[in-house]
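Me: I should like to examine how the descriptive terms applied to a structure follow from its computed values. May I put a series of questions on that subject?

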Amino acid sequence: MQEVAARAGVSLATVSFVVNDSKPVSAATRARVEQAMADLGFRRNVLARALASQRTRIIALAFPALEHKLGTTALNVVTTAALAANERGFNLVLWPVNTVEQLDDYVGGGLVDGVLLMEVTAEDPRVDLLQRRGVPFVLVGRTADPAGLRYVDIDFESAVADGLDHLVGLGHTRVALLLGELHSGSLSGYGPIARTEAAYRAQVLERGLEPVVVRSPQDPRSGREAAARLLEAHPGVTAVLALNEDALHGFVNGLAASGRTLPDDVSVLGLATSPDAVTNADPAVSALVAPGPELGRRGVEAMVDALEAPEAPLVQELVPCTLHLNHSTAAAPAAGA
């Protein structure tokens, strides 16, 4: 540091301020110090800084990679979170942890300052673990009872309302819901599916409509089979809300294979869907697009705020989806058509 100070023509204290970001330094002075460090081949020692400050400046994003695909929406969360962390002076690491025991091993080593939890379930054991360990965390999602927890999540209830408003406004009175299979494998207790189904059932009844729910595993072939089952059991359905983007392409193909044309015979509207998923189908699907980038940014901001000001109010935010219209929704077909 003394050599850097001499080369940059500044005090040792100024070098310390730049290296540790501990006090404001003018842009010109910071540039001179950083140039001197580069000329001399010096680098900040992250480990030494962590030992001195008892902070690693690292946030982990825990994603159960063996149970859930890192789809487009999740990838948007990850990449935006990394950028937001960097802007706040932190680094983000992706932890593909699949068991509570694995997460316990990781946090027990003091490797990170805080954890962002993705793919949250209704009764998520990772929450209990982090609370016992005293590790600060933020949920990207919600448990069944999120009281006292910091979280950012998609506003699934509003998305369902907006979707029904759009379809009912087009004259549809027989609107079905396509979901993943909530009680199978990795989707057991998965918050988005449970919340969407509950909101759908409540809201269609409020509108005087009949609830129709069809489930499908998360793949195109299963989506195609789900379309056939739906039309066989409920041939009068003229519109579908779809919260299953991995099955969406197959579902649209299945409707076509059953002799239904989009959007003349059946309208399809994706829920909390990534832009890629809706454009991969033919025709391109209208959708309430998931706010993946916004979730990543807000999650990191909540995490950093919790670390730097633990006494600050809890962040509990619901982020809306955005309606993007393509070519899969239209006025309901006339009765008897």
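The exchange below takes up the sheets, the helix contacts, a salt bridge and two backbone features in turn.

Reply: Please proceed, bearing in mind that this is a predicted model.

Me: What makes E7 and E12 the edge strands of their sheet?

Reply: The sheet is open and consists of six strands in the order E7-E6-E8-E9-E10-E12, with mixed pairing. Strand E7 (212-215) and strand E12 (322-324) each pair on one side only, and they are the edge strands. From one strand to the next, the twist averages 20 degrees.

Me: How do you know that E6 and E8 pair?

Reply: Two strands count as paired when at least two bridges are found between them. Strand E6 (residues 175-179) and strand E8 (residues 239-243) are joined by five bridges and run parallel. The requirement of at least two bridges is therefore met by the five found here. As one example, Leu177 has Leu241 in E8 as its bridge partner.

Me: Which helix packs on this sheet, touching E6, E7 and E8?

Reply: Helix H10 (residues 220-233) does so, and its direction makes about 150 degrees with that of E7.

Me: What are the order and the pairing of the open sheet that contains E3 and E4?

Reply: Its six strands follow the order E2-E1-E3-E4-E5-E11, and the pairing is parallel. The edges are formed by strand E2 (91-95) and strand E11 (316-319), each of which pairs on one side only. Here the twist averages 20 degrees from one strand to the next.

Me: How do you know that E3 and E4 pair within it?

Reply: The criterion is at least two bridges, and three bridges join strand E3 (residues 114-117) to strand E4 (residues 137-140). The two strands run parallel, and Leu117 stands opposite Leu139 in E4.

Me: Why are H8 and H9 called oblique to each other?

Reply: Helix H8 (residues 156-169) and helix H9 (residues 191-206) pack at an angle of about 45 degrees, their axes being 9 Å apart. Roughly parallel would require an angle under 35 degrees, and roughly perpendicular one from 65 to 115. The angle of about 45 degrees satisfies neither condition, and H8 and H9 are therefore oblique. The crossing in which H8 passes H9 is right-handed. Phe156, Glu157, Val160, Ala161 and Leu164 in H8 meet a set of residues in H9, among them Pro192, Arg195 and Tyr200. The residues of this contact comprise eight nonpolar, two polar and two charged.

Me: Why are H6 and H7 called roughly parallel?

Reply: The angle between helix H6 (residues 100-108) and helix H7 (residues 125-133) is about 25 degrees, with the axes 10 Å apart. Since angles under 35 degrees count as roughly parallel, H6 and H7 are given that description. Their crossing is right-handed. On the H6 side the contact includes Val100, Leu103 and Asp104, and on the H7 side it includes Pro125, Arg126 and Leu129. Six nonpolar, one polar and three charged residues make up the contact of H6 with H7.

Me: What makes H10 oblique to H11?

Reply: The axes of H10 and H11 come within 6 Å and cross at roughly 45 degrees. That angle makes H10 oblique to H11, and H10 passes H11 in a right-handed crossing. In the contact of H10 with H11, nine residues are nonpolar, four polar and two charged.

Me: How do you know that Asp39 and Arg7 form a salt bridge?

Reply: The cut-off between a side-chain nitrogen and a carboxyl oxygen is 4 Å, and the closest N and O atoms of Asp39 and Arg7 are 3.4 Å apart. The pair therefore qualifies as a salt bridge. Asp39 belongs to helix H3 (residues 27-40) and Arg7 to helix H1 (residues 2-8), so this pair ties together parts that are 32 residues apart in sequence. In total, the structure holds 16 salt bridges.

Me: What is notable about the backbone at Pro263 and Glu119?

Reply: Most residues other than glycine have a negative phi, and most peptide bonds are trans. The peptide bond from Leu262 to Pro263 is cis, with omega near 0 degrees. Pro263 lies in the loop between helix H11 (245-257) and strand E9 (267-273). Glu119 is not a glycine, yet has a positive phi of about 55 degrees; Glu119 is located in the loop between E3 and H7.

Notes:
Residues numbered from 1 in each chain as written. Predicted model: local features only at pLDDT ≥ 70, side-chain atom pairs only at ≥ 80, totals over all residues. Heavy atoms only, no water. Helix = DSSP H or I, 4+ residues; strand = E, 2+ residues; numbered from the N terminus. Axes fitted to C-alpha atoms, helices over the stretch in contact; angles between N-to-C directions. Contact = heavy atoms within 4.5 Å. Parallel < 35°, antiparallel > 145°, perpendicular 65-115°, else oblique. Left-handed = near helix turned anticlockwise from the far one by under 90°. Nonpolar A, V, L, I, M, F, W, Y, C, P; charged D, E, K, R; others polar.
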